[in-house]
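I opened my notebook to look up a few helices and a sheet. The entries follow.

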Amino acid sequence: MPGARRPALSPRDEGLIACGGGLYALPILHEGFESADLVRGAVARLEPDAVAIEFPASLQDPLTRALERLPAISVLLYENARGETLYFPIQPADALVEAARAARERGIPFVCADLDLDGYADYRDPAPDPYALARLGGRRVYEAFRRHPRAPDPADPQREAAMAYHVLRLLGQGARRVLLVCGMHHVERVRGQLARAQTTPLVRPRRREVRLVHPHPDCLAEVLSEPPFYVAVYEARRRRLPEAPPASLPREPGRRYGPFRVLSGGAGDDPQRVPRAVARCARRAGWACWSAWRRGAPSGTRRGAPAAIPGPLDRLRLQWALLDEAAQTLRALAPEEAVQPWQRRHLARYLRNLAWVEGRLLVDLYDLLVAARGCVSENFAFELYELARAYPHQAARATDLPTVRISAEELYDGVRRLKLVRRQRRPKRRLPLSLAGRSRRAERVPGEWLAGFDAEALCSYPPEDVAIESFGRYLKERARTWLREERSRSAPFTCSMLDGVDVRETIRHWVEGRGIYVRELARGPAEVGSVVVIFDEDDDPREERYPFRMTWLGEHEQESDMAFYATDPRQSIVGPGIARVTYGGFLLSYPPGRMLDVWADRDYRMAETKAEVLLLAALDYTQQRIVVHVASRPPRPLLHQLAARFGLRIVHIPLGTLSPPTLQRLRVMHILSGHDKRALAPEYVGRPGR
């Protein structure tokens with residue numbers, strides 16, 4: 001407002017360059033929401049009287065119309081002299097769009113100050129990626145940019161003279177502060193043009209066939225330079241942080257009757273899932289305020305944060321928030337495929353190395369999907385892509401503009417494609433009765449299958465018991481092999497081959513001329529007792545994913561006693577008196593018939609998690625010196641010390657060293673409401689793990 005008091009500008013503002021005479025230039029990189037964040041902060045602090053942007057002056061009217069539609073995304077189409085169609089997406093996370101939009105919201109004039117030229121080359125700024133703006137600040141990146149400028153284009157002098165003309169005209173109309181938003185390589189030459197008298201730039205007549213179209217939501221991931229989800233998060237943080245949404249997971253498949261859920265296929269989609277994910281990521285993935293960003297304070301929202309506009313987004317934190325949201329979706333839809341901590345570590349290491357190889361600070365969405373598929377699973381990559389391409393503000397059909405579908409091949413050269421297929425475990429298609437035999441019976445009336453749970457006794461499904469016992473024997477043998485190799489020794493060959501040639505030691509000492517090395521394995525390894533397998537520690541106090549806990553005694557001498565924790569069986573009723581659960585972890589202890597209820601035993605109250613309860617019970621009930629522990633991370637040193645005090649030893653096997661398909665099959669078990677249901681179970685369960 002003319003005559004109003006304005007805040008004093010400090011040298012550490014968001015990359016602002018004082019060009020003299022009331023002109024302030026903001027150098028930007030033309031890709032990335034980091035530049036839009038700098039524009040947002042600069043407009044709020046500078047409070048200019050007018051804004052000039054590096055955008056063709058002949059396209060100001062359609063740009064103004066597209067700004068009125070935001071946050072709905074538009075695409076500006078026009079033809080050049082050669083008849084080629086040019087595309088320009090008008091989306092919130094673009095720096096030039098943000099400058100014009102912020103000016104309109106504050107009621108100040110903005111002008112498109114660039115010339116409309118054909119044949120201008122497509123240049124890439126010599127910067128690793130826009131993330132440098134968020135970590136270093138606009139001024140530092142600009143100073144580094146000045147030391148390594150690119151060669152000017154022949155059309156640059158005309159364009160910069162046009163920008164200087166529009167800026168001087170704004171200053172001559174009474175504007176005391178004018179903000180110019182343009183590329184980094186134009187700033188110094190525009191400043192030099194200000195000292196010269198500028199004439200009206202020669203511009204071509206107004207373009208014809210300029211159109212605005214509404215892109216279909218399915219093609220936004222191919223049209224935008226940023227993932228649509230990132231754009232939605234930026235939009236959510238433009239003025240203030242969104243309210244914290246309630247913690248919710250995607251809707252599970254099936255029909256609900258009271259506390260029970262009967263599975264009937266067809267997963268429902270929660271319409272509020274994406275907006276809530278956007279709100280959570282908007283609160284997690286950036287600085288709470290601009291002052292914290294200038295001080296280099298840690299990211300995140302704190303209580304008592306100032307009510308000013310939120311600080312800039314942090315792409316790295318946003319990337320991991322997106323991965324977390326996809327992991328929660330996958331865990332809700334398929335608990336047996338939940339992302340494990342060791343998979344997260346491998347994913348982080350792979351992404352770091354991939355960015356380093358490509359000379360970037362962070363990877364793009366394509367590389368993120370490739371890493372997610374390789375380090376976790378294709379289902380995880382599919383859920384990640386489904387969330388990354390979601391933009392809740394884009395309707396499937398617009399009433400004011402024609403709706404179009406645009407492919408990436410129409411916009412860019414060298415498009416990379418990645419095929420992702422959601423892999424689901426589905427029952428086989430029904431074959432004719434003569435081939436398939438008896439088909440699976442469905443509920444005759446809603447809730448019929450729940451009547452089977454009136455029985456007092458619960459039991460397991462024998463084929464699954466056989467699979468679990470077989471897996472326990474395999475783990476015991478693997479632990480014995482590891483102990484045997486641990487106590488083995490290698491020596492140069494003299495007169496006996498012992499237990500065979502040690503190829504590794506032979507190669508290692510080959511340059512020393514000692515000949516062949518042989519290996520002697522230890523004899524009589526200690527026997528292995530209890531086995532503990534932890535798929536998920538369930539150590540989050542805010543959410544208990546595996547509330548069902550039980551202790552089972554072996555029914556005969558070939559079965560072990562078993563204690564486990566799993567998902568709620570009431571949520572997955574698959575047959576009359578048949579429930580499906582997913583293990584979080586289990587304990588096997590042999591011989592059977594000795595185990596009390598470990599979940600009610602006060603001797604284990606020192607345990608911090610359900611996984612530690614199982615390990616303490618394994619140490620308590622084992623009759624051998626060795627206890628096998630399979631988990632994504634080893635137990636606490638305190639538990640190793642406790643085992644050593646009783647002359648026992650815990651052998652830890654990393655969960656990541658076992659076959660993921662095998663683990664996924666073993667994690668699913670079925671609970672029957674009585675022994676009489678074992679005859680019906682094959683119709684509804686099938687083979688173990690199916």
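Which residue just after α3 takes a positive phi? I found glycine 107, with a phi of about 70°.

The model is predicted, so I noted the limits: local features need pLDDT of at least 70, side-chain atom pairs count only at pLDDT 80 or more, and totals for chains, interfaces and linings use all residues. Residues are numbered from 1 along each chain as its sequence is written, and side-chain values use heavy atoms, without hydrogens and water.

I stayed with α3, residues 95–105. Helices (H or I, at least four residues) and strands (E, at least two) are DSSP runs, numbered from the N terminus. In α3, 9 of the 11 residues are buried (under 20% relative accessible area, 1.4 Å probe, protein chains only). Among them are Glu98 and Arg101. At the helix start, a side-chain oxygen of aspartate 94 comes within 3.0 Å of the backbone nitrogen of leucine 96.

Next I looked up α12, residues 315–333. The helix spans 27 Å from first C-alpha to last, close to the 27 Å expected at 1.5 Å a residue (1.5 Å times one less than the number of residues). Of its 19 residues, 14 are buried, so α12 is largely enclosed by the rest of the structure. At its start, a side-chain oxygen of aspartate 314 lies within 3.0 Å of the backbone nitrogen of leucine 316.

Last came the sheet. It is open, with 4 strands in the order β5-β4-β8-β11 and mixed pairing (at least two DSSP bridges between two strands). I marked β5 and β11 as the edge strands. Strands β4 and β5 pair antiparallel over 6 bridges. Leucine 76 has phenylalanine 88 in β5 as its bridge partner.

Key: Buried means under 20% relative accessible area, exposed over 50%, partly exposed in between (1.4 Å probe, protein chains only). A polar contact is a pair of N or O atoms within 3.5 Å; within protein, one must be able to donate a hydrogen and the other to accept it, and residues adjacent in sequence count only if both atoms are side-chain atoms.
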